[in-house]
Amino acid sequence: VEVLARHGDRLLAGGHVSDATQRAERAAALDPWSEAALRAVMRCLSLSGNRATALEQYDGLANRLTNELHSKPEVATVQLAERIRRDRSLGLASSAMRSDAAKDLAQSRRAPLVGRERELASALGAWDACRGRGEAQAVVILGDAGTGKTRLADELLDRARLDGAAVVGLRAVAADLAQPWSGVYGLARGGLLDIPGVAGSPPAALASFTHQLSEWQEHYSQAVKGVAPAPVGQAIGEVLRAALDEQPVAIMIDSAHWLDPDSFATVRAVLRDLAASPLFLILTANTHERRDELDDLRSRLGEGRDVAGVCVTLTPLSEEALAELARWAIPSYSDTETDRLARRLVSDSAGYPLLAVELLHAVASGFDVDSEARAWPAPFHTLTETAPGDLPDTIVAAIRVGFNRLSAEAQQILAAAAVLDERPSPETLAMATGLPREQVDHALDQLEWQRWLSAESRGYVFVARIVREVVARDMITPGGRERMVGAVNDVRRTPP
């Protein structure tokens, strides 16, 4: 049992969740009373998206212990179950999925992390050093749009959360560059308030955010009444220090190349000032978006250097990795059919995981890819620089297939998100579509679970720019665009 559990841990560290689950389940079958084996099963199921099944496994053992041995599970097992039960995605959506069928579909669309074993192991080494030695670590994930930077970052956050870390997240957009301190305020809204230790922060630090953010006013308006606020950069450091006194904290800043200069400088200062604290910082950035501050951080990153941590660069997936994805998406295919599909994925998706997964979902739904393939992207162009018209017809058609499988409300919301501001709120989307707020929330849940949209504290963004452009170009008429934008403008112009 111990050997199987350790083997499963090594497989898990390399991203082989399915294989790790098999080892853990075999260990649990050999010894149904082993809580170490049960915890391994629960971790694997949770990381594969099957949180409900993980909790069922826990409840089963807890009931057997109570009924047959008049005992209770070990503290470590109880804590793991509680972390899985509390687990939720970063962002605005607070309501759970209402439909079990919708949950199953969402889980089926969460692709396994293939072709990233080396990068995952390197980043997890930094996390192990952070929680094991209690020192700040930074992980910088670079790559072109569509190479899976956010997917790898989410995997790291999932594992940190299961290990007891509090998670804070921010997704930056281009407009943030011109808004001083937008990044710091985004972190304050992105989960920082929910960490228990924050209440122990100096009153001046709490006042800095309470005077600016309504979420903080609800908690601390009375406690900081009459207190002069600290400078924002100092305040975030003091609040994080208080939070880190209670537990490790993992922070993810997605699209860090759009982070405003003041916030970027503060992130660097926090890494320096809290170097002896269990702070785990994950930054993702596009390889081709030049940012001097990011280049400087990378130059100082590494074991024994100014900032502890690692930098990993993601490239398009190999044919072997694409074949693994094909086997996951369409298990009924023979080896010959899988190999043929993988070769087609190489040409049609150019190895970009985002597009490969979308195409595989379409094929699984009956889409035919037998039409002639053509090479792309254009020479010296990345996915970021690719226009919708430059994509292979099969990719555009696959996006259409996925769009048409959405509910009517989700299609409306997705179309509105494609033509409105870069980060529309649920309220703005309700204005644009005329849908009741409850239906908007249901649709946003569906779109977030199926990875069309990604939520953070200030609104919703498309997981991929190129998908937004395809939706805006092909899934909405010019008249529909004008009506949505006009509806939002009319409401905003109407005096309260």
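What volume does the largest cavity have? Let us work up to that and other points through a few exercises. This is a predicted model, in which local features need pLDDT of at least 70 and side-chain atom pairs count only at pLDDT 80 or more, while totals for chains, interfaces and linings use all residues. Residues are numbered from 1 along each chain as its sequence is written, and side-chain values use heavy atoms, with hydrogens and water left out.

**Exercise 1. Describe the largest cavity and its lining.**

Step 1: Start with the term. On a 1 Å grid over the protein atoms alone, a cavity is a set of points where a 1.4 Å probe fits but cannot get out, and lining residues have an atom within 4 Å of a point. Grid points are joined across faces, edges and corners, and a volume is the space filled by probe spheres set on the points.

Step 2: Give the count and the volume. There are four cavities of 30 Å³ or more, and the largest cavity has a volume of about 90 Å³.

Step 3: Find the elements around the largest cavity. Helices (H or I, at least four residues) and strands (E, at least two) are DSSP runs, numbered from the N terminus. At least two lining residues come from each of α9 (182–189), α12 (232–244), α13 (261–273) and β4 (279–286). Helix α13 gives the largest share, five residues.

Step 4: Sort the lining by class. Ala, Val, Leu, Ile, Met, Phe, Trp, Tyr, Cys and Pro count as nonpolar, Asp, Glu, Lys and Arg as charged, and the others, Gly among them, as polar. The lining has 10 nonpolar, two polar and no charged residues. Among them are Val184, Leu240, Ser263 and Thr266.

**Exercise 2. Place strands β1 and β2 in their surroundings.**

Step 1: Check the cover. Buried means under 20% relative accessible area, exposed over 50%, and partly exposed in between (1.4 Å probe, protein chains only). In β1 (residues 137–143), seven of the seven residues are buried.

Step 2: Look at the two faces. In a regular strand the side chains alternate between the two faces of the sheet. One side of β1 has Gln137, Val139, Ile141 and Gly143, the other has Ala138, Val140 and Leu142, and all of these are buried.

Step 3: Find the partners of β1. Two strands pair if DSSP finds at least two bridges between them. β1 pairs with β4 in the parallel sense over seven bridges, with glutamine 137 opposite phenylalanine 280. Six bridges join β1 to β5 (residues 309–314), also parallel, and here valine 139 stands opposite valine 310.

Step 4: Repeat for β2 (residues 166–171). Six of its six residues are buried, so β2 is largely enclosed by the rest of the structure. Its faces hold Ala166, Val168 and Leu170 on one side and Val167, Gly169 and Arg171 on the other. β2 runs parallel to β3 (residues 249–254), joined by six bridges, and arginine 171 has aspartate 254 as its bridge partner.

**Exercise 3. Is alanine 342 buried or exposed, and what does it touch?**

Step 1: Alanine 342 sits in helix α16 (residues 335–349). Its relative accessibility is 1%, so it counts as buried.

Step 2: Contact means heavy atoms within 4.5 Å. Apart from neighbours within four places in sequence, alanine 342 is in contact with Glu319, Leu322 and Ala323.

Step 3: Compare sequence with space. Glutamate 324 and alanine 342 are 18 residues apart in sequence and 8.5 Å apart from C-alpha to C-alpha.

**Exercise 4. Examine helix α18 (residues 393–404).**

Step 1: The expected span of a helix is 1.5 Å times one less than its number of residues. With 12 residues, α18 reaches 16 Å from its first C-alpha to its last, close to the 16 Å expected.

Step 2: Its buried residues include Thr394, Ile395, Gly402 and Phe403. The buried residues of α18 pack against α16, α17 (353–364), α19 (408–419) and α22 (465–474).

**Exercise 5. Describe two loop residues with positive phi.**

Step 1: Most residues other than glycine have a negative phi.

Step 2: Serine 255, in the loop between β3 and α13, has a phi near 55 degrees. Its relative accessible area is 22%, so serine 255 is partly exposed.

Step 3: Alanine 350 lies in the loop between α16 and α17, with a phi near 55 degrees. At 17% relative accessibility, alanine 350 counts as buried.

Note on methods:
On a 1 Å grid over the protein atoms alone, a cavity is a set of points where a 1.4 Å probe fits but cannot get out, and a pocket is an open set with protein on both sides within 12 Å along at least five of seven lines; lining residues have an atom within 4 Å of a point.
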